[in-house]
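Biologist: I am new to this structure and would love a guided tour. Please pick one part, look at it closely, and then lead me outwards from there.

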Amino acid sequence: MALYGAAEAAVAATLPCEVIVHIFSFLSPWDRLRASSVCSRWRECLFYPCLWPELWLRLRGSAAERCRLDFLMKKCGSFVRELRVDFEGVLGDGGLGSESAAAVPGLGGGGLETLKAYMEEVLCVLRSVRSNRNLQKLSVFGDSHPLELEEKQSREIQQLIEEVLGNSKHLKWLSLGFFLEVVTPTTLAALPQSSANCIEHLSLLDTHFIDTAPIIEAVELERFLNLRSLALDFCYFTAEVTRVLANSNHVPLHRLSLVIHHLSMSNIHMLDNMPQDADWKVLTRHCANLHVYIMAFSVRNDILLRILKPSIPLERIHFDSSTNGVSGAVIDLISMQYDKSLTHFLLIKEDVEQGINGFPDLEPNENEDPLVMLAWRCKKLSHLSIHGYVVWAHNLIAIARLRGPELQVLEVTEESINYDEYVMVDVAGDPVRLIEEVSFGLRKRWHPVMKNEILYVCSEATCYFYKEMQRFSEGI
C-alpha cells in the first residue's frame, strides 16, 4: 500500500481503528508490519487480538532474537488463541535416546550459553501466556535434552505449564512432546474439570521412561469425556486405558498415535499390561472410525510381533532403528493383518555402512519379497519410504507397477537399491533404465533419493513423527 503527500497521510491517520484492523486482516503478517510503519495510529492497530489468533514460534537460543520475542509475547501472550512452540534442538539432533549436553562433541562454553539463552526463551513464552484464559490450542515440541541446566529452571518450566493449564478455560488441543521432563505425573492434575471436558486432542510424549511414575494413568483419562485424538508412549497405553476409552460416557476416539521406544520396552514385564486383541476389539466397537499411527524406535522384532495385534485399525507405521533392523516376518505380518487399513509404511535404518556391514536384506532366502507383498496386499498404500535396507531393483519396479499412481510417495535412497543381473538383464546396473521403469509404473516422474539430498524422515525422525502426528490428528 503506497500513500503519497501530507493530505493522504492525514487521511490515513484519521481512519477508524475498525477500518484499519479490517484492512490489516487481508494482509500477511509481514505486510502488516510494513503497513504499521505508516504512522503511530496504524502501529497501535497492529496488535489487535483478532489479527493474531495464532502464533507459531521456533526458538533457537539466539540472543539477537530475544528482544523481538519479548516484544511479541508482551503484545500477544495475553490473548493469542492458538500457540505452537517448537524448541528446536540446540544440541544438534536431540531426539529419543540422546545423551546429556556434556556428551555432545564440540559443545563447549558457547554451546552452554546458547542452551541457557534457549531456555530463557522458553520461560519468556510460558510466562507471557500463563494468565491467558482464551487459549484454545497449545502445542509444545522440543527435540532437546537440557540436562545441564539448573534444576530451578526445569521446575519453573513445569510450574508454568501447570499454571497455563490451570488458568485455561477453553483449551481444546494440548500437545506436549519430546521436551525432557516438561510432562510430569502432576501435569494434568492442574487442569480444572471444566477444562478437561473441553479437551479434544491430548498428546503427552516424553523421553524419561526409566524409573519414573507414569505421566498419565487410566483413572486420569476418565475426566476427558470429549477426547477425539490421543497420542501417548505405548508403555502408558495399557489395557485399562482402552477400557476407559471404550466406555459409553466417552465420545468415540478418532485418532490414536503411539510411540514404542526400546528404552520403555527394556523391561519385558511392561508388556504384561499392554492391550490384548480382545481389548482392541472392544475399543474399535465403540470407536468405529478409529485410525492408529505407530512409531517404533529400535524395537526388537519379537516385541513387535507381540504388540501388533490383528484388531488394531493401523493406518500408519514408521520404523526407525539404529541397532536391530526390522525383519521380513514383521513386514509380512503387517501386510497380512492390516491389508485393508494401511496407507503409510516407513522403514528407516540409520548408522549403517554399506560395504562393511551391509544393509540388511529382507529377502535372504530368495522367497517373495516382503515389500512387494506389502504393495500387493495393502490396496490403500499411498506412502512408502525406505532407507538402510536392501531394495532390489526388480522388486522396486514391481512395487511401482502394483500400486501405480495410487502410491503418491515412493522414497527410496540411492544407496539402498541393489541390482540382480540374473533377474532383469535389461535393468541390471542401469540406474537410468530403473528410473524409467519405476516412473512408467507410477505414471509420473520419479527418481531415487540421492546421497546429496536430505531425506527429512531420516535426519530428523523425532521431529518428523511429531509433525506428522499433528497433521494426522488434525484430520478429525
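Modeller: Let's begin with a word that will come up often: two residues are in contact when heavy atoms of theirs lie within 4.5 Å. Among contacts in this chain between residues at least 6 apart in sequence, 81% join residues at least 24 apart. Please keep in mind that this is a predicted model, in which local features need pLDDT of at least 70 and side-chain atom pairs count only at pLDDT 80 or more, while totals for chains, interfaces and linings use all residues. Residues are numbered from 1 along each chain as its sequence is written, and side-chain values use heavy atoms, leaving out hydrogens and water.

The chain has 18 helices and 14 strands; these are DSSP runs numbered from the N terminus, with helices (H or I) of at least four residues and strands (E) of at least two. Of its 476 residues, 52% are buried. Buried means under 20% relative accessible area, exposed means over 50%, and partly exposed is in between, using a 1.4 Å probe and protein chains only.

The part I have picked is helix α14, residues 370–377. Two packed helices are described by the angle between their axes and the distance between the axes. Here, axes are lines fitted to C-alpha atoms, for helices over the stretch in contact, and angles run from 0 to 180 degrees between N-to-C directions.

Start with helix α13 (residues 328–337), which packs with α14 at an angle of about 5°, the axes being 9 Å apart. The two helices are therefore roughly parallel, the word for angles under 35 degrees; over 145 is roughly antiparallel, 65 to 115 roughly perpendicular, and the rest oblique. On the α13 side, the contact is made by Gly328, Ile331, Asp332, Ile334, Ser335 and Met336. Pro370, Leu371, Met373, Leu374 and Arg377 meet them from α14. By class, this contact has seven nonpolar, two polar and two charged residues. In this scheme Ala, Val, Leu, Ile, Met, Phe, Trp, Tyr, Cys and Pro count as nonpolar, Asp, Glu, Lys and Arg as charged, and the others, Gly among them, as polar.

Helix α14 also packs with helix α15 (residues 393–403): their axes come within 9 Å and cross at roughly 5°. That makes α14 roughly parallel to α15 as well. This time α14 contributes Leu371, Val372, Ala375 and Trp376, while α15 brings Asn395, Ala398, Ile399, Leu402 and Arg403. The tally for this contact is seven nonpolar, one polar and one charged. Leu371 of α14 takes part in both contacts.

Now let Ile334 of α13 lead us outwards. Together with Leu202, Phe319, Leu342 and Phe345, Ile334 is among the residues with the most contacts inside the largest nonpolar core, which has 123 residues. Such a core is a set of buried Ala, Val, Leu, Ile, Met, Phe, Trp, Tyr and Cys residues joined through side-chain atoms within 4.5 Å. Helix α6 (residues 109–129) gives the largest share of this core, nine residues. Not counting residues up to four places away in sequence, Phe319 touches Ile334 and Phe345, and also Ala296, Leu304, Val326, Val330, Leu346, Leu347 and Ile348. A second, separate core of 21 residues includes Val259, Cys463, Phe465 and Phe472.

From Val326, a partner of Phe319, we can step across to Ser298. The C-alpha atoms of Ser298 and Val326 are 8.6 Å apart, although 28 residues separate them in sequence. Ser298 sits in the loop between β8 (291–297) and α12 (301–307), and its relative accessibility of 11% means that it counts as buried. Leaving aside neighbours within four places in sequence, Ser298 is in contact with His262, Asp320, Ser321, Ser322, Thr323 and Asn324.

The backbone is worth a glance here too. Most residues other than glycine have a negative phi, and most peptide bonds are trans. Ser298, however, has a positive phi of about 50° without being a glycine. Arg443 also has a positive phi, near 60°. Arg443 lies in the loop between α16 (431–442) and α17 (456–459) and is exposed, with a relative accessible area of 57%.
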